[in-house]
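Trainee: May I ask for a close look at one part of this model, namely the contacts between its charged side chains, and at how these fit with its rings and helices? Please take me through the contacts step by step, with the reasoning behind each description.

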Amino acid sequence: MPKQLVARLPDPRLIEGREAWILVRYGRVYPVERETLFELGRQAITKIVPDGAARSLRPDELASVARYLRKSDIGLGPHRWLLETEPGLHMVLSWRTRDGGVERSRLPDDPGLAAWLARHEPDAEVIRFHVWSDSFETYLEARTRIEAAGFHASWSGHEADSELEVAIRFGLPDPEVRPRRVD
């Protein structure tokens, strides 16, 4: 049957593991070292409010953290963290540049993507694709490559003009290895 006529129905289930991210935007695939990116954000926040995990933060302290992140350009690769306090407290993963990433035509043989896949374990990790509406076809090709490498995956959709928002909370983190929803 021709590939364009085959429909893949979601098969939702829970898989125990860590979560790895691949961002798909601007027609490109951006594998992300999620743990490193989150650790850089955590270090930046605790630099301004070292005891923030043990108490409630005042609005002026949150404003100081937001200003520090705007001025210090904390992040990894083409991505940087920003703190937003309105309408609710959350981090935004913003884009420094559209450069980098893997172009759709290079997905089958890109050494950077192959190296990223080699650093991750199909039996211990679930890939979460964050897909912007300008790059759905690129996502489909990347997902085919990821599943061929033995990974389970899921995806979240975003509008082309929006940024990735991540809830922020203080206190003990959730365990990294836990049930993850895949489709």
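Mentor: Let us start with Asp73, bearing in mind that the model is predicted. Asp73 has a relative accessible area of 35% and is classed as partly exposed, since that label covers values from 20% to 50%. Its side chain meets that of Arg80 in a salt bridge, with 3.1 Å from N to O. Arg80 has a relative accessibility of 16% and is therefore counted as buried, because the buried class takes values under 20%. This salt bridge thus joins a partly exposed acid, Asp73, to a buried base, Arg80.

The salt bridge between Glu61 and Arg58 can be read in the reverse sense. Here the closest N and O atoms are 3.6 Å apart, and a salt bridge requires such a pair to lie within 4 Å. Glu61 is the buried partner, with a relative accessible area of 10%. Arg58, at 45%, is partly exposed.

Next comes helix H4, where Arg143 and Glu147 form a salt bridge whose closest N and O atoms are 2.8 Å apart. These two residues are four positions apart in helix H4, so about one helical turn separates them. Arg143 is buried, with a relative accessibility of 5%, whereas Glu147 is partly exposed at 33%.

Salt bridges may also be joined into a network, as they are for Arg18, Glu121 and Glu125. Over the whole structure, the search finds 15 salt bridges, of which I have named a part.

A positive charge may also be placed against a ring. Arg34 lies over the face of Phe38, at 4.8 Å from the ring centre.

That brings us to the rings themselves. A pair of aromatic rings is described by how far apart the centres are and by the angle of the planes. The structure has nine aromatic pairs by the rule used here. One of them is Phe136 with Trp155, an edge-to-face pair with 5.5 Å between the centres and 65° between the planes. Phe136 belongs to helix H4, residues 136-148, and Trp155 to strand S8, residues 152-158; the pair links distant parts of the chain, 19 residues apart. Phe136 is partly exposed, with a relative accessible area of 34%, and Trp155 is partly exposed as well, at 37%.

Trp155 also pairs with Tyr139; this pair is tilted, with 5.6 Å from centre to centre and 35° between the planes. Because Tyr139 lies in helix H4 and Trp155 in strand S8, the pair ties together parts that are 16 residues apart in sequence. Tyr139 is buried, at 4% relative accessibility. Elsewhere, Tyr26, Tyr30, Trp95 and Trp132 form one aromatic cluster.

Finally, consider how two helices are placed. Helix H1, residues 34-48, packs against helix H2, residues 59-72, at an angle of about 130°, and their axes are 9 Å apart. H1 is therefore oblique to H2, because an angle must be over 145 degrees to count as roughly antiparallel, and roughly perpendicular ends at 115. The crossing of H1 past H2 is right-handed.

Conventions
Residues numbered from 1 in each chain as written. Predicted model: local features only at pLDDT ≥ 70, side-chain atom pairs only at ≥ 80, totals over all residues. Heavy atoms only, no water. Phe/Tyr/Trp six-rings, centres within 6.5 Å; stacked < 30°, edge-to-face > 60°. Buried < 20%, exposed > 50% of the residue type's maximum accessible area, 1.4 Å probe, protein only. Lys NZ or Arg CZ within 6 Å of the ring centre and 35° of its normal. Axes fitted to C-alpha atoms, helices over the stretch in contact; angles between N-to-C directions. Parallel < 35°, antiparallel > 145°, perpendicular 65-115°, else oblique. Left-handed = near helix turned anticlockwise from the far one by under 90°.
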